[in-house]
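I opened this notebook to record what I looked up in one structure, entry by entry. The sequence and the coordinates come before my notes.

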Amino acid sequence: MWETLRAHHARVKDRRFEALVDTDRAADFSAHTGDMLFDYAKTNIDAEGRALLFDLLDQTGVAAKRDAMFAGAPINETEGRAVLHTALRNLDGGPVMVDGQDVMPDVLDTLTRMERFASDVREGDFTGQGGKITDVVNIGIGGSDLGPAMAVKALAPYHDGPRCHFVSNVDPADIADVLRRCDPTTTLVIVASKTFTTIETMTNARTAQAWMGETVTDTGAQFAALSTAEDKTADFGIDPSRVFGFEDWVGGRYSMWGPIGLSLMIAIGPQAFRAFLRGGQAMDQHFKAAKWQENLPVLLAIVGIWHNQICGYATRAVLPYDNLLSRLPAYLQQLEMESNGKGVSMDGADLDVHSGPVVWGEPGTNGQHAFYQLIHQGTRVIPCEFLVAARGHQDDLHHQHQLLVANCLAQSEALMRGRTLEEARAKIADKFTGDELERQARHRVFEGNRPSVTIAYPQLDPFTLGRIIALYEHRVFVAGVVLGINSYDQWGVELGKELATALQPIVEGRETTDGKDGSTAALVEFLKRNGV
Ligand code: F6P
């Protein structure tokens, strides 16, 4: 099934796709949902290639798997679980059945409890020993951190609740930096962990407990927990009234729509949080209903597959020209790489294509002054994904926003067009002549023909953020189905965790390095000589 696409690629790979790009192509190779536009005209995908990619979706049963996911089937086969983060934003979508039971009453009940608690914190009805809560510290890692941390930053213009801080790293520098800025008597600590066993989170939670205990008499009263393991939250001493549970059919990296989003809800308020959920739900409905050619998650997925599995481009840069989305690349790294970074298909066989790409990025225009050099002139092609809002939130600085937009559009144009040797020569002909002109001109050549896509929207509000995140979630799902992998487990993180547990007593000096490889043993010795 991949062969036909590879053969097509071999036929078209050397052409300049710029020649294809006219107004008709811009209309044909773009799609809308509501007021959001996805443009993929600046790629080398043509109508034939797109049709072949759609065939791939049909051959791998994407539509049936999508319907199975929404219907609560256990599509996470290695863990025997349903995948139903979509239920968390199914505000008015009717019943969702898991094992014959409608999960929606519990989902909506937890949402209502979260809303009550968030309102109490925001309005001062829930207080700390010192009065109204001024600071919320979310302690979590991976999916229990990246989503809410990214979203609190993204929705800063809507933030009217207490300050929110995020502690994730077991490196004590992280928690120390946050706690020194907080007053323990007016701080709420949220321990966010699906399993409530993650060593980093539990270690930080105990550190926060000790910190608070130095000043506050009833520390437990200023802690809340977000977890599927409610028994473990009780062991930690958190009152059930401040425990917000969810089910194992919500994957960690897909969990910000439910209790894991509590810090976001406290920051922006329950109403704005609901708008975020409605955005996710709107994207779900679009994903379920739109034809392939108009379906944004599907189109984003096929462009990714074309670039990674067919063209062989190993990485993808996500470049938001929207500083509010500065944490989006980090969030997407987990979403995409933990979901689709796997070499074995669902049935245990080796993949016959590469796994998902390396995802990385930084907001524009900062990246332009750092790594864009390589994107434009390096020897490897890096497909770029631009995100841009028509309007920012600073009306008085709109001219500055226009400059930002011009930069975004300029980058995708430059990547596509490039600059020929003749053009480079002409630009500097007044400064150099002869061999020196040739030499200097060659440094100023841009190969061009480098693909990019652009996601554009009017303004980053809670609804649009919800649509963007759900768009990426479904894109990862579609790619996972086509690759034949399970996007919802993460066995690849286990080995490192096990070895860290085994190394801890060695690092602490309670055990020797006997049995360790020479390199690890030497590193331990060096660090011990230097005080670890
Ligand atoms: O180790 C990886 C991982 O399991 C992620 O999938 C998850 O988001 C993160 O750790 C945190 O897990 P938990 O929410 O259970 O603390």
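The entries below go from the domains to the ligand site and then to the enclosed cavities.

Entry 1, the model and its domains. I note at the outset that this is a predicted model. I looked up the domain assignment of the chain and found domain 1 written in two segments, 2-76 + 275-483, with domain 2 at 85-274 and domain 3 at 492-529. I then checked the centres of domain 1 and domain 3, taken over C-alpha atoms, and found 41 Å separating them.

Entry 2, the ligand shell. Which residues are closest to the ligand? I counted 14 residues surrounding the ligand, and the closest are G143, S144, S193, T195 and T198. By class, I find 8 polar, 4 charged and 2 nonpolar residues in the shell around the ligand. I also looked up where the ligand sits, and the answer is the largest pocket.

Entry 3, polar side-chain atoms at the ligand. For S193 I read a distance of 2.6 Å between a polar side-chain atom and an oxygen atom of the ligand, and for T195 I likewise read 2.6 Å from a polar side-chain atom to an oxygen atom of the ligand. For K497 the corresponding value is 2.9 Å, again to an oxygen atom of the ligand. Taken alone, the ligand exposes 390 Å², and I note that the protein buries 88% of that area.

Entry 4, cavities. I searched the whole structure and found 3 cavities of 30 Å³ or more, the largest cavity having a volume of about 90 Å³. Of the 14 residues that line the largest cavity, G304, H307, R316, P383 and E385 lie nearest its centre.

Technical notes:
Residues are numbered from 1 along each chain as its sequence is written. This is a predicted model: local features need pLDDT of at least 70, side-chain atom pairs count only at pLDDT 80 or more; totals for chains, interfaces and linings use all residues. Side-chain values use heavy atoms; hydrogens and water are left out. A residue is near a molecule or strand if one of its heavy atoms lies within 4 Å of it. A polar contact is a pair of N or O atoms within 3.5 Å; within protein, one must be able to donate a hydrogen and the other to accept it, and residues adjacent in sequence count only if both atoms are side-chain atoms. Accessible areas come from the Shrake-Rupley method with a 1.4 Å probe; for residues, only the protein chains shown count as cover. On a 1 Å grid over the protein atoms alone, a cavity is a set of points where a 1.4 Å probe fits but cannot get out, and a pocket is an open set with protein on both sides within 12 Å along at least five of seven lines; lining residues have an atom within 4 Å of a point. A molecule sits in a cavity or pocket if more than half of its atoms lie within 2 Å of its grid points. Ala, Val, Leu, Ile, Met, Phe, Trp, Tyr, Cys and Pro count as nonpolar, Asp, Glu, Lys and Arg as charged, and the others, Gly among them, as polar. Domain bounds come from an automatic or database domain assignment. Grid points are joined across faces, edges and corners, and a volume is the space filled by probe spheres set on the points.
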